[in-house]
Amino acid sequence: MVVADSAARCKVVDFKQTFARDYLCPYCPKHVNQLGTHKPWEEGPHPRPAPPTMQTAARLDSTVLKKLKNFNIVLSSPPDPMHAVHGGMCQRFWFDFLVDGCGNIGKDLEAAQTIISKAKIPTSIKRPDNRMGDRGAGPPSAEQWVTFFRCQLPFIMLHIWAPTLAYDGRASGVREQHFRFEPKTGSSKEDRPLLEGMKHVSDIFPVAMLLCCIVELMEQDLDDDGVEELRQYIKSFNIKLKDLCGQGWLTFNQHIAEHIPDAIKRFGATRNFSCLPFERYNGKLGRINNSGHKQGKMRGP
Ligand SMILES: [Zn+2]
């Protein structure tokens, strides 16, 4: 099996890296302007065999891995759950959408951080930084994203959006909370628009909860029904996010995550094909004392 993030996987097994045009995915024939949609060919039994490489972004021209017998390069190079979901979808939803795009969650970021700092978290799981949402605090680790989406974000939303969620603002005539969405990344194209403008809390909340459920399920050992539930959650999240923010908001991470359920069926729990253990060692390597010498140069005593 090849375990790598998307960029490294492309280098190792010779997948194309062209997000802007043609086929973008090595596992399916989906085109860039079809993200967040469901195609008839996606129906059928799972996991599916790899489609012909001329219909995908898998070139397989210049890799020695082709010489390995009984090794399917495409199916044995699964998407990485850590980079696709934790560093991809979670990061994009919290930082890019809620914090940067929606004006610090409609000026409620401070209230959210108060809840984060007061939360009682077992010492056995990784606690997110209390400044979660401040770019200066640095990017959260995958384990911190898991804690945040499993244990904290649902309660943050229930607290700061209570007037809308608890009292059904639309039905009761209470003025529903809403934000002006002004994306700081991405650009609107004719065939992939970005839907800027007012976003209502009652439309954002179900999308956020879907992502919380995706993160939760990916921590489990799933049976077949659980894998199909995860598949539906990921597809629903992408479709609802496209409806909320426009197709131009969706990235490759959002699409490639749709292939994680097939990888679970082949390799078992997500921890079996995740980059997380390797990334942990990157952290350890980074903390090795090099006496101020960079690029691997060490000096003896
Ligand atoms: Zn695909």
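This passage describes the fold, the strand pair and the nonpolar core of a predicted model. Local features need pLDDT of at least 70, and side-chain atom pairs count only at pLDDT 80 or more, while totals for chains, interfaces and linings use all residues. Residues are numbered from 1 along each chain as its sequence is written.

The chain holds 12 helices and 2 strands. These are DSSP runs numbered from the N terminus (helices: H or I, at least four residues; strands: E, at least two). Their order along the sequence is α-α-α-α-α-α-α-β-β-α-α-α-α-α. The radius of gyration, taken over C-alpha atoms, is 21 Å, which agrees with the value near 19 Å for a compact globule of 301 residues. That rule is 2.2 Å times the number of residues to the power 0.38.

Strands β1 (residues 178-181) and β2 (residues 197-200) pair in the antiparallel sense over 4 bridges. Pairing requires at least two DSSP bridges. His 178 of β1 stands opposite His 200 in β2. Phe 179 and Phe 181 form the covered face of β1, whereas His 178 and Arg 180 form the uncovered one.

Buried residues account for 33% of the chain. A residue is buried if 20 or more other C-beta atoms lie within 10 Å of its own, exposed if 12 or fewer, and partly exposed in between; C-beta atoms are placed from the backbone. The largest nonpolar core (buried Ala, Val, Leu, Ile, Met, Phe, Trp, Tyr and Cys residues joined through C-beta atoms within 7 Å) has 64 residues. Cys 90, Phe 149, Leu 211, Ile 214 and Val 215 touch the most other members. The largest share, 10 residues, comes from α8.
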